Amino acid sequence: MQPFTKKVIEIMKNIPEGKVMSYGQVARTAGSPRAARQVARILHSMSQKHGIPWHRIVNAKGEIAIKDGEGKHTQKLMLEEEGVCLEKDGTVSFSRYQHFPDL
């Protein structure tokens, strides 16, 4: 496993309940600010295997990035179960819920 991949997994696994990070924020924290798409690929391919709380990752606008209705609904429900209230426009308020890891 590449060092960047390992770091991304570690960062995502440590997002606490009720908090979110964006793909780009994870990439920056892992040391590669332009690698948001790579973070998305890691999340998609490794979340189940590594127990990553995939639902705590949103896009830079605070939106759920999943396009299909069922997946989007599932992520919304999982966030709400953790106390994350989505705004009327369906976004997550970064000022209330963004996680800043101590790395």
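S47 counts as buried, at 14% relative accessibility. The cut-off for that class is under 20% relative accessible area. These values come from a predicted model. S47 lies in helix α3. Its contacts, leaving aside neighbours within four places in sequence, are with I42, I52 and W54.

One of these partners, I52, is found in the loop between α3 and β2. I52 is itself buried, with a relative accessible area of 4%. Not counting residues up to four places away in sequence, I52 touches I9, M12, K13, L43, M46 and S47. Of the residues on that list, I9 and M12 are buried in helix α1. The contact between S47 and I52 thus appears among the contacts of S47 and again among those of I52. I52 was also compared with G83, which is 31 residues away in sequence. The C-alpha atoms of this pair are 18 Å apart in space.

Helix α1 covers residues 3-13. Its buried residues are F4, T5, V8, I9, I11 and M12. They cover an arc of only 165 degrees around the axis, and therefore sit on the same side of α1. The face turned away from this buried side carries the exposed residues P3 and K6. On their own side, the buried residues of α1 pack against four elements: β1 (21-22), α2 (23-29), α3 (36-50) and β2 (57-58). Helix α3, one of these elements, also holds S47.

P3 has its place in helix α1. At 63% relative accessibility, P3 counts as exposed; the class begins over 50%. Q48 is 45 residues from P3 along the chain. The C-alpha atoms of P3 and Q48 are separated by 19 Å.

T29 belongs to helix α2. This residue is partly exposed, with a relative accessible area of 27%. T29 and I11 are 18 residues apart along the chain, and their C-alpha atoms are separated by 7.8 Å. I11 is one of the buried residues of α1, and α2 is among the elements against which those buried residues pack.

The whole chain gives the setting for these residues. The protein chain has five helices and two strands. From the N terminus on, the order is α-β-α-α-β-α-α. The radius of gyration is 13 Å, close to the 13 Å that the globule rule gives for 103 residues, so the protein chain is as compact as a globular protein of that length. Along its principal axes, the C-alpha trace spans about 40 × 25 × 20 Å.

Burial and contacts were also computed for the full chain. Of the 103 residues, 42% are buried. Among contacts with a separation of 6 or more, 63% are accounted for by residues 24 or more positions apart.

The surface and the charges complete the description. The accessible surface of the protein chain comes to about 6,400 Å². Carbon and sulfur atoms account for 49% of that surface. The protein chain carries 16 positive and 11 negative charges. The mean positions of the two sets are 9 Å apart.

Definitions and conventions
Residues are numbered from 1 along each chain as its sequence is written. This is a predicted model: local features need pLDDT of at least 70, side-chain atom pairs count only at pLDDT 80 or more; totals for chains, interfaces and linings use all residues. Side-chain values use heavy atoms; hydrogens and water are left out. The radius of gyration is taken over C-alpha atoms; the globule rule is 2.2 Å times the number of residues to the power 0.38. Buried means under 20% relative accessible area, exposed over 50%, partly exposed in between (1.4 Å probe, protein chains only). Contact means heavy atoms within 4.5 Å. Accessible areas come from the Shrake-Rupley method with a 1.4 Å probe; for residues, only the protein chains shown count as cover. Lys and Arg count as positive and Asp and Glu as negative; His and the chain ends are not counted. The place of a charge is taken as NZ of Lys, CZ of Arg, CG of Asp or CD of Glu. The arc is that of the directions from the helix axis to the C-beta atoms.
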